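Subject: The structure, and what turned up in it

Hi,

Here is the structure I promised to pass on to you. Please open it alongside this message, so that you can follow the residues as you read.

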Amino acid sequence: MDELKLIEPSHGPAPTPAIEDVVPAERGTVYVETYGCQMNVSDSEVMLGVLKSAGYSAATRLEEADVVLLNTCAIREHAEDRVIGRLSQLSHLKMKRPDVVLGVCGCMAKHLSEQLLDRVPYVDLILGPDSYRDLAQMVQEARGEPALDVKLGRSETYVGLDPARSEGVNAWITVMRGCDKFCTFCIVPYVRGRERSVAAHEIVRQAEIAAQEGFQEVTLLGQTVNSYHDGETDFADLLEQVARVEGIRRIRFTSPHPSDFTPKLIETMGRDPKICPFIHLPLQSGADPVLEAMQRSYTTAEYRKLVEDLRAAIPGLSLSTDIIVGFPGETREDFDRTLDLMRGVRFDSAFMFKYSEREGTVAEREIPDTVSATEKGERLEEVITLQNGISLEVNQTYVGRTVEVLVEGPARRPGQTSGKTDTFKTIVFTGEAEPNTFVDVTVTDCTQKTLIGELA
Ligand code: 5AD
Ligand code: SF4
């Protein structure tokens, strides 16, 4: 322990010691490996922040760390299989260095809980997504017996814990946690718990810290980010408050739910030039009976109308989506409706998944899985082929235009640099530019995934 110097005030209470004064001596190094969504990336930064202020430092390589934490995802079975595979690789590390604390954190830790110990007996620590505040203490406890905490807190939003942000040009800020929607296929409400919003002043504080650290772009995160509310402050108000933070030039958010898009939010996005014209708007299915069975709370007509309103209000809007194929009961006709809707809306890009049955969800308990594995595979190939064609055509409309790019860093080929447009397209261009600067780039070519250009 460092010596704690207490300053005698001439009057009034003793001042709170600055964090540097109370940090204990170096405790070892930690490596956090992140799986899954951006929320996990953001949570990993909180975990690192907690451990750093307790005296740990970040290891550059997993093999050298004293504490190894996997921050995991449970959204589909495949995500969990990957982590189990990774853990079995790490058995060698535990054999070679038994003192290493190996932890499984996040959604899969909550989902499998102590069952994880049956499958991976050498795990030392199992922590759910709401248990990171006491992470340093839990790591200490795990040096004896395996330690487990997977309780979900109704109010935990990690207020006051400053993330140790990883390098890059974007700062993640979690604005709400959990989900109350209970889509019938989805495990998230069970592993991340009830919806709760972070106080608006805390989010603004986080944005100010990010700006001071040099970030010019922030992404506001939440499972249904646009259902955010803090008293009278709704998500549109929050976007405006963050837009007023000096130094922030681009604001993104993910993921909104179609049912929580208010006219006020659409209008705010259209009006405020700092809010990027890009929306990830999960559709899931283009067939009304499937949307109803999924309990998505919108119809295809409402979704199409929302897209129309968004496009009318936000010039140059880029849209991406999530599609699930092979939800139980999805007929060939239903699936054709999804293809029709994709042809109609013409998303810039899409994440497409085969339905994966998740334990504890309504679909798993109540809806028989009627679509064979082969059909799921075929449908997935079909949506991917359709979307790839559309993505390429949409990107081709950029050729000849000059776009503003936030530079991320050198691209793989020497002499080339990569960055993002405000519409969230990756662009690789000839010429050199400093990371975290804005440059104008003329688009000369494209693939379905990437724009290609040269410095204007
Ligand atoms: N099977 C397949 N995809 C799923 N998603 C969520 N749950 C499942 C599941 N059980 C997809 C949805 C969601 C995205 C994050 O993951 O499309 O929007
Ligand atoms: Fe899952 Fe639906 Fe909540 Fe999204 S809105 S996290 S799909 S339950």
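Below are my notes on the two ligand sites, the two sheets and a couple of backbone details. Please keep in mind that this is a predicted model.

**Ligand 1**

Let me begin with the shell around ligand 1. It is made up of Ile75, Arg76, Phe185, Gln284, Asp322, Ile324, Phe353, Lys354, Tyr355, Ser356 and Arg358. Sorted by class, these are 5 nonpolar, 2 polar and 4 charged residues.

Which atoms make polar contacts here? For Arg76, a polar side-chain atom sits 2.9 Å from an oxygen atom of ligand 1. Gln284 also uses a polar side-chain atom, which lies 2.6 Å from an oxygen atom of the ligand. Phe185 takes part through its backbone: an N or O atom there is 3.0 Å from a nitrogen atom of ligand 1. On its own, ligand 1 would expose 400 Å², and the protein buries 86% of that. Two strands, β15 (318–325) and β16 (349–354), are the elements that give two or more residues to this shell.

**Ligand 2**

Around ligand 2 you will find Cys179, Lys181, Phe182, Cys183, Phe185, Cys186, Val188, Pro189, Gln223, Thr224, His257 and Arg296. This shell divides into 7 nonpolar, 3 polar and 2 charged residues. Phe185 is listed in the surroundings of ligand 1 and in those of ligand 2, and you may like to display that residue with both ligands in view.

**The sheet of 6 strands**

Next comes an open sheet of 6 strands, paired in parallel in the order β2-β1-β3-β4-β5-β6. The edges are β2 (56–58) and β6 (147–149); each has a single partner strand, so one side of each has no neighbour in the sheet. On average, neighbouring strands are turned by 20 degrees against each other, direction ignored.

At the β6 edge, β5 (residues 125–127) pairs with β6 in the parallel sense over 3 bridges. Within that pairing, Leu125 has Ala147 of β6 as its bridge partner.

Two helices go with this sheet. Helix α2 lies across β1 (28–34), β2, β3 (67–72) and β4 (101–106), and runs at about 175 degrees to β1. Helix α3 (residues 77–96) packs on the sheet as well, touching β1, β3 and β4, and its direction makes about 175 degrees with that of β3.

**The sheet of 3 strands**

There is also an open sheet of 3 strands in the order β7-β10-β13, again with parallel pairing. Here β7 (170–174) and β13 (250–254) stand at the edges with a single partner strand each, so one side of each is left without a neighbour in the sheet. The twist from one strand to the next averages 25 degrees.

β10 (residues 217–221) is joined to β13 by 5 bridges, the two strands running parallel. Val218 stands opposite Ile251 in β13. Helix α2 (residues 38–53) appears again, lying across β7, β10 and β13 and running at about 90 degrees to β7.

**Two backbone details**

Where is the cis peptide bond? It joins Thr254 and Ser255, with omega at about -10 degrees. Ser255 belongs to the loop between β13 and α10 (263–271).

The other detail is Tyr158, whose phi is near 60 degrees, a positive value in a residue other than glycine. Tyr158 is in the loop between β6 and β7.

Happy browsing, and do write back with any questions!

Best wishes

Key:
Residues are numbered from 1 along each chain as its sequence is written. Chains are lettered from A and ligands numbered from 1 in the order in which they are written. This is a predicted model: local features need pLDDT of at least 70, side-chain atom pairs count only at pLDDT 80 or more; totals for chains, interfaces and linings use all residues. Side-chain values use heavy atoms; hydrogens and water are left out. A residue is near a molecule or strand if one of its heavy atoms lies within 4 Å of it. A polar contact is a pair of N or O atoms within 3.5 Å; within protein, one must be able to donate a hydrogen and the other to accept it, and residues adjacent in sequence count only if both atoms are side-chain atoms. Accessible areas come from the Shrake-Rupley method with a 1.4 Å probe; for residues, only the protein chains shown count as cover. Helices (H or I, at least four residues) and strands (E, at least two) are DSSP runs, numbered from the N terminus. Ala, Val, Leu, Ile, Met, Phe, Trp, Tyr, Cys and Pro count as nonpolar, Asp, Glu, Lys and Arg as charged, and the others, Gly among them, as polar. Two strands pair if DSSP finds at least two bridges between them. Axes are lines fitted to C-alpha atoms, for helices over the stretch in contact, and angles run from 0 to 180 degrees between N-to-C directions. Contact means heavy atoms within 4.5 Å.
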